[in-house]
Amino acid sequence: MKMFKRLAAQTALALVCFSAAAQDKIAETYRDATARIIAEATSPATAANAWNRLAELTDKYPARLSGSTNLEGAILWAADQMKRDGLAKVRVEKVMVPHWVRGQESGAIVRPYPQPLALVALGGSVGTAGVEAEVLVVKSFDELDARAAEVKGKIVVYNVVYDEAADPIVAYRQGTQYRGSGASRAAKHGAVAALVRSVGPIGHRTPHTGGMRYADDAAKIPTAALAAEDAEKLQRMQDRGDRTTVRLVLGAQILPDAESGNVIAELPGREQPDEVVLIGAHLDSWDLASGAMDDGGGVVAMWEALRVIKRLGLQPRRTIRLVLFTNEENGGRGGLAYRDKYKEQLAKHVLAMESDSGVLPIRGYDFAGTDKARAVMAQIAGLLAPLGGTAIGDRFDGADVMPIIAAGNVPAFAPDIDMHRYFFLHHTPADTVDKIVPAELARVAASMAAVAYIVADMPGTLDRAPVKVTQ
Ligand SMILES: [Zn+2]
């Protein structure tokens with residue numbers, strides 16, 4: 001999970017859609033099939049099987065950062081397993097991805113109270129053989145700008161507190177502004193490096209990595225995420241009047257783009273195989289994590305959804321296409337490559353679904369599309385009460401399918417997950433499979449299976465309209 005964008009439907013163009021009477025019948029028509037899907041997907045045997053698959057993925061291929069041999073190993077492993085599952089049209093479609101490597105790194109307070117700091121380079125940062133300077137701790141961009149005269153030659157530390165009382169995604173977005181552009185904002189005032197307090201609640205002094213981007217009009221200075229506890233300590237030292245000097249060494253390097261791929265498998269439709277319900281998640285992860293929650297859980301949930309539908313002998317009218325995207329974390333090239341390759345077919349993508357918010361309790365769902373289509377999705381969601389909440393919000397968040405939606409006016413759907421536990425683990429070495437609860441993973445898989453099946457099978461397709469991506 002990386003970014004958040006909202007889609008707002010514009011001018012409704014009624015294409016193929018339902019009559020009001022047909023809409024009312026969706027829930028009734030699919031009540032039994034949904035119950036069967038939920039029973040199968042959430043049975044203890046299926047839940048254990050899905051969890052074991054996630055354990056195998058993350059034990060064998062942790063640290064699936066773009067350009068790594070682990071990511072490519074995971075891609076081949078997933079394609080091989082999908083063939084063994086008997087899924088159709090299994091393939092890996094080539095995508096060129098950025099290749100950033102971390103290297104050796106360290107940080108420490110050198111004066112006046114020498115001690116190591118817990119920090120990790122942010123993905124995309126340039127390296128440094130060693131930069132040593134006094135720190136200036138600020139709590140916001142406003143404070144940075146107000147103290148601009150003090151910044152030159154310093155290491156800027158952004159001590160931006162993650163608001164644990166807020167909705168986790170809101171707190172996360174607040175912090176990622178600093179992670180994303182903090183280095184360039186500091187560099188414009190003459191900083192020599194930037195440290196960003198980890199975006200996440202105070203945990204176990206575990207810094208969270210994540211993506212950053214340099215602005216074109218600022219010097220590229222090294223930048224790292226600092227454990228929240230260490231950011232607080234530097235703040236206290238500054239508040240006591242200490243002039244603290246920090247030394248930072250980052251072995252980070254940007255190498256030439258590497259070859260990777262999206263892994264695809266299908267359950268072909270029985271009547272309109274050229275019409276597609278896309279279900280996706282991303283197979284890559286950050287290098288420090290095993291990527292169980294982000295996003296191995298999403299991968300296995302979507303994959304399991306397809307397996308459950310197949311195992312029950314349900315063959316929907318339209319095709320369900322599983323896409324395991326590459327390079328969500330530091331480039332989004334998998335989503336872009338899919339959009340370009342299937343440009344001519346996007347008009348026949350009837351729904352795009354993505355799971356990249358963790359496999360945790362389901363609060364409800366988010367949908368991007370017209371009100372008419374939303375009414376149909378609300379009926380479908382109403383069948384999912386045994387799995388958690390059923391409300392449908394409009395905060396659809398899915399970095400991989402966003403380019404597809406924008407290019408093809410494709411309606412989009414995602415589970416709305418309670419992310420409180422997610423951000424303790426996100427982008428850290430603590431993101432491991434033991435944190436995943438089999439029953440929670442199974443409930444996400446069940447919900448995705450039911451929605452994919454119904455939308456792929458129902459008599460008409462969802463209403464769609466040109467969409468505008470807003471933020
Ligand atoms: Zn993710």
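Two residues are taken to be in contact if their C-beta atoms, placed from the backbone, lie within 7 Å. With that criterion in hand, the tour can begin; the model on display is a predicted one.

**First stop: α2 and α7**

Select helix α2, residues 44-60, together with helix α7, residues 292-311. Their axes lie 10 Å apart, and the packing angle is about 135°. An angle is counted as oblique when it falls outside the ranges for roughly parallel, roughly antiparallel and roughly perpendicular; α2 is therefore oblique to α7. The crossing of α2 past α7 is right-handed.

Next, display the side chains at this contact. From α2, choose T46, A50, R53, L54, L57 and T58; their partners in α7 are A292, G296, G297, V300, E304 and V308. Coloured by class, the residues of this contact separate into 6 nonpolar, 4 polar and 2 charged.

**Second stop: α7 and α12**

Keep α7 selected and add helix α12, residues 438-457. Here the axes come within 8 Å and cross at roughly 50°. This angle makes α7 oblique to α12. The passage of α7 by α12 is a right-handed crossing.

On the α7 side, select G297, V300, A301, M302, E304, A305, V308 and I309. Opposite them in α12 are L441, V444, A445, M448, A449, A452 and Y453. What is the make-up of the contact of α7 with α12 by class? The contact has 13 nonpolar, 1 polar and 1 charged residues.

**Third stop: α2 and α12**

Now hide α7 and view α2 with α12. The two helices pack at about 100°, and their axes are 9 Å apart. Since 65 to 115 degrees counts as roughly perpendicular, α2 is roughly perpendicular to α12.

The residues to pick in α2 are T46, A47, A48, A50, W51 and L54, which meet P438, A439, L441, A442 and A445 in α12. By class, the contact of α2 with α12 comprises 10 nonpolar residues, 1 polar residue and no charged residues.

**Fourth stop: helix α5**

Move to helix α5, residues 168-188, and place a distance label between its end C-alpha atoms. The separation is 30 Å, which agrees with the 30 Å that 21 residues should span at 1.5 Å a residue. Where is the kink in α5 centred? Select S181: the kink is centred there and amounts to about 60°. Continue past the end of the helix to G190, which follows α5 and has a positive phi, near 95°.

**Fifth stop: backbone exceptions**

As background to the remaining selections, most residues other than glycine have a negative phi, and most peptide bonds are trans.

Select R111 and P112 and inspect the bond from one to the other: the peptide is cis, with omega near -5°. P112 is placed in the loop between β3 (105-111) and β4 (115-116).

Return to α7 for another cis peptide bond, joining D294 and D295, with omega about 5°. D295 is found within helix α7, the helix already visited in its packing with α2 and with α12.

Finish at K89, which is not a glycine yet has a positive phi of about 50°. To view K89 in its setting, select strand β2, residues 88-101, in which it is placed.

Conventions
Residues are numbered from 1 along each chain as its sequence is written. This is a predicted model: local features need pLDDT of at least 70, side-chain atom pairs count only at pLDDT 80 or more; totals for chains, interfaces and linings use all residues. Axes are lines fitted to C-alpha atoms, for helices over the stretch in contact, and angles run from 0 to 180 degrees between N-to-C directions. Helices (H or I, at least four residues) and strands (E, at least two) are DSSP runs, numbered from the N terminus. Angles under 35 degrees count as roughly parallel, over 145 as roughly antiparallel, 65 to 115 as roughly perpendicular and the rest as oblique. A crossing is left-handed if the near helix is turned anticlockwise from the far one by less than a right angle, and right-handed if clockwise. Ala, Val, Leu, Ile, Met, Phe, Trp, Tyr, Cys and Pro count as nonpolar, Asp, Glu, Lys and Arg as charged, and the others, Gly among them, as polar. The expected span of a helix is 1.5 Å times one less than its number of residues. The bend at a residue is the angle between axes fitted to the seven residues ending there and the seven starting there.
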